[in-house]
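Work through the following exercises with the structure open beside you, and try each task before you read its solution.

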Amino acid sequence: MPGNPYIFKIQRYSIHDGPGIRTTLFFQGCPLSCRWCHNPESQAMPEKAGSENMDGIALALMAIIEKDLIFYDDSGGGVTFSGGEPLCRPGLLFRLLGMCREKEIHTCLDTSGYGDTKILLKAAQKVDLILYDIKLFDKAAHEKYTGKTNGIVLENLKQLSRRKADIRLRFPLIPGMTDTDENIDRVIDFLRENTVYRDIHILPFHKAGERKYKLLNMKNDLKDIQEPSVAWVGTIKKRFEAFGFNVRIRG
Ligand code: SF4
C-alpha cells in the first residue's frame, strides 16, 4: 500500500478468515516459504522498515477497518490479521489489536506459529481468536516444504494450549506433502498429547494464485500439486473425527 510497506493487501467482506464478515489485513513478510503458498508476494520482508510513522499507519488502517462496523456487528465478524506473518511486525500488530479492543471489534490472528514466543503469547492476550496452522510433524519434511523446521511452531502451540488461548487449528491438505498417513497420525498424536484443541479446519489445496508466480517471476511449485478430490478430503476428515476432533472443511 502507498506509504505503508507493512500491509500488502486489504480484503473487505471476507468470509473465509474467521467468523462472520471480516476485513482482512495481509501483512508483508513471512519467514516461511511454503511450496503451496497462495500469496507469494507476501513472503519478502519489507525493504524499508522502522522509520515510518507507525501511529499514523495504524490510525489510517483503523479508518478502513471501521468502515464496515455494521457488517461485523450483523454477522459476528471483525478483523483478521493475516499475511505473510503478522508476528513479524509486532509494533503495528499490537497497536491495531489495542485499538480494536477499545472499540470492541472482534479480532483474529492468522499465524503460521513460526514466530517469537513472547510476541505470540503477548498477542494471545490481546486477540479474540487465533487461527493456527499445523502443517507437518516431521522436522525434515517441514523444512523441505516450508523452508524452516517446525520446533518453534510445535512449542508455541503447546505454550498457547497451557494458557488455554482460544485457537482454531487449520490443517492445509496438500497432496503428497501433508496428507500422508504418517503425517496425519503424528499430527493427531501430537495434538492429543500436548494440547487441549480438538477443533480443526481442513484447508484443501487449490490452485488459485498460481498466476502470481508467473507474474512475480518466482519458481512455481503449485503446478506440480494436484487439487485433492472431494472423496479424499472426506477420508482425511474421517481420520481426524475418529480421534474425537470436530472437523470442518473450508472451501
Ligand atoms: S506461512 Fe502462509 S504466507 Fe507464509 S509462506 Fe506459508 S502459506 Fe505463505
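**Exercise 1.** How many helices and how many strands does the protein have?

*Solution.* Keep in mind from the start that this is a predicted model. Going along the chain, one finds nine helices and eight strands.

**Exercise 2.** Describe the sheet, beginning with the order of its strands.

*Solution.* The sheet is open and contains eight strands in the order 1-2-3-4-5-6-7-8, with mixed pairing. At its edges lie strand 1 (7-14) and strand 8 (246-249), each of which pairs on one side only. On average, neighbouring strands of this sheet are turned by 20° against each other, if direction is ignored.

As a general point, strands of a sheet pair through backbone hydrogen bonds, either parallel or antiparallel. Strand 2 (residues 22-27) and strand 3 (residues 78-82) run parallel and are joined by five bridges. Within this pair, threonine 23 has valine 79 in strand 3 as its bridge partner.

**Exercise 3.** Why does the radius of gyration of the protein agree with that of a compact globule?

*Solution.* A compact globule with 251 residues would have a radius of gyration near 18 Å, and the protein has 18 Å, so the two agree. Along the principal axes, the C-alpha trace spans about 50 × 40 × 35 Å. Buried residues make up 37% of the 251 residues.

**Exercise 4.** Which residues surround the ligand, and how do they divide by character?

*Solution.* Begin with the residues themselves, which include Cys30, Cys34, Cys37, Asn39, Glu85 and Ser112. The shell around the ligand then divides into four nonpolar, seven polar and one charged residue.

Technical notes
Residues are numbered from 1 along each chain as its sequence is written. This is a predicted model: local features need pLDDT of at least 70, side-chain atom pairs count only at pLDDT 80 or more; totals for chains, interfaces and linings use all residues. A residue is near a molecule or strand if its C-beta atom, placed from the backbone, lies within 6 Å of it. Ala, Val, Leu, Ile, Met, Phe, Trp, Tyr, Cys and Pro count as nonpolar, Asp, Glu, Lys and Arg as charged, and the others, Gly among them, as polar. Helices (H or I, at least four residues) and strands (E, at least two) are DSSP runs, numbered from the N terminus. The radius of gyration is taken over C-alpha atoms; the globule rule is 2.2 Å times the number of residues to the power 0.38. A residue is buried if 20 or more other C-beta atoms lie within 10 Å of its own, exposed if 12 or fewer, and partly exposed in between; C-beta atoms are placed from the backbone. Two strands pair if DSSP finds at least two bridges between them. Axes are lines fitted to C-alpha atoms, for helices over the stretch in contact, and angles run from 0 to 180 degrees between N-to-C directions.
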